[in-house]
Structures are given as C-alpha cells and as structure tokens.
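Please read the points below alongside the coordinates. They are kept short and follow the chain by topic.

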Amino acid sequence: MTPAKRNQGWMPSIFNDFFDNDWMLKTNATAPAINVSEDDKEYKVEVAAPGMTKDDFNITLDEDNNLVIEMEKKNENEEKDDKKKYLRREFSYSKFSQTILLPDNVEKEKISAKVDNGILAISIPKMDEEKIAKAPKSIEIM
C-alpha cells in the first residue's frame, strides 16, 4: 500500500490505497488447466481456453520431438473520452507455453487439434503394435 500523504486530506489517500497493486489479485496470472488422458488408440491433451480461438494458438514439435503448445491473447479495448481521467486501466494480455514430452509410440505426423467450446483438444494417435515392433532402433555410441 502507498503511505498516506497528510497534506492532501483523506480522499487522495483512499484512492491511492484502493488502486495500489499490492492487494489486488491477478486472475490471469496462472497457467490454464491441462488434462492428459490415454486410451488404447491415442493420447488426448485438453487445455482450458475460454474465449480463445484457433488463431490464438500455435502447436509445434520442437527439435527433440516434444509437443509445444503456445497461446497468446491480447485484448486492447481503446475508448477515447477527453472528459475521463483514468485512475487505473488494465489491458488484458495472456501468454502461455507448455512443452510435453511425447512417448516413442506416437504417430507424430497424425497429431491433430481443434478448439471447441473453450477447450483446445489435441489428439495424439498411438502407433499400432506392428509398427512399434518394426521400427528401427538406433543406439548412439559414445
């Protein structure tokens, strides 16, 4: 809280204290909830993304074949009013990045994603047992 200034009376001190950041919690300062599930045919990753569209996401495989989910959303509502003086004004900005280590038994070329009703759903198909058995394994010699 900001210290009260005795020369300005009680009103400015109340506004300084009220609009100070120390006691106000930021609701968008945490990462979205993620669910990861598995069945016989696929892994499924679900990310809570209320208000987000597919354009707000970027999903890639990095150089180590990890699944990288990135989300960025900016809301900048500009209102012009010369009669108004802002005491506090916040722009909504959310940024999130999550890297998920993929197991060896996934078909990376067939990973798909969609956003529906505030949920980003990523489907990661598993290889069938035949492909896993035939997949060549190389061992690095040190």
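Which backbone oxygen lies 3.4 Å from a polar atom of the side chain of K73? The first point takes this up.

1. The backbone oxygen is that of G51. The side chain of K73 also has a polar contact with the side chain of D56, at 3.3 Å. K73 belongs to strand β4, which covers residues 67-75. The model is a predicted one, and side-chain atom pairs such as these count only at pLDDT 80 or more.

2. Is K73 buried or exposed? Its relative accessibility is 17%, and the cut-off for buried is under 20%, so K73 counts as buried. The lysine therefore combines a buried classification with polar partners at G51 and D56.

3. On the overall layout, the chain has two helices and seven strands. Read from the N terminus, the elements run α-β-β-β-β-β-β-β-α, with a helix at each end of that series. Of the 142 residues, 20% count as buried. Among contacts with a separation of 6 or more, 49% are between residues 24 or more positions apart.

4. Four of the strands make an open sheet with antiparallel pairing, in the order β1-β2-β7-β6. β1 (34-38) and β6 (112-116) are the edge strands; each has a single partner strand, so one side of each has no neighbour in the sheet. From one strand to the next, the twist averages 15°.

5. Within this sheet, how many bridges link β6 and β7? The two strands pair over five bridges, in the antiparallel sense. In this pairing K114 is placed opposite A121 of β7. The loop between β6 and β7 holds N117, a residue other than glycine with a positive phi, near 50°. N117 has 73% relative accessibility and so counts as exposed.

6. I119 is part of β7, which spans residues 119-125. Leaving aside residues up to four places away in sequence, I119 touches E46, V47, A48, A49 and K114. Its C-alpha atom is 8.5 Å from that of M52, although I119 and M52 are 67 residues apart along the chain. I119 has a relative accessible area of 34%, so it is classed as partly exposed.

7. A positive phi also occurs at N65, again in a residue other than glycine; the value is near 60°. N65 sits in the loop between β3 (57-61) and β4. What is the accessibility class of N65? The residue is partly exposed, at 36% relative accessible area. For comparison of the two asparagines, N117 counts as exposed and N65 as partly exposed.

8. On aromatic rings, the count of aromatic pairs is zero. The rule behind this count requires ring centres within 6.5 Å. A charge does sit over one ring: K126 lies over the face of Y43, 4.8 Å from the ring centre.

Technical notes:
Residues are numbered from 1 along each chain as its sequence is written. This is a predicted model: local features need pLDDT of at least 70, side-chain atom pairs count only at pLDDT 80 or more; totals for chains, interfaces and linings use all residues. Side-chain values use heavy atoms; hydrogens and water are left out. Rings of Phe, Tyr and Trp (its six-membered ring) pair if their centres lie within 6.5 Å; planes under 30 degrees apart count as stacked, over 60 as edge-to-face and the rest as tilted. A charge sits over a ring if NZ of Lys or CZ of Arg is within 6 Å of the ring centre and within 35 degrees of the ring normal. Buried means under 20% relative accessible area, exposed over 50%, partly exposed in between (1.4 Å probe, protein chains only). A polar contact is a pair of N or O atoms within 3.5 Å; within protein, one must be able to donate a hydrogen and the other to accept it, and residues adjacent in sequence count only if both atoms are side-chain atoms. Contact means heavy atoms within 4.5 Å. Two strands pair if DSSP finds at least two bridges between them. Axes are lines fitted to C-alpha atoms, for helices over the stretch in contact, and angles run from 0 to 180 degrees between N-to-C directions.
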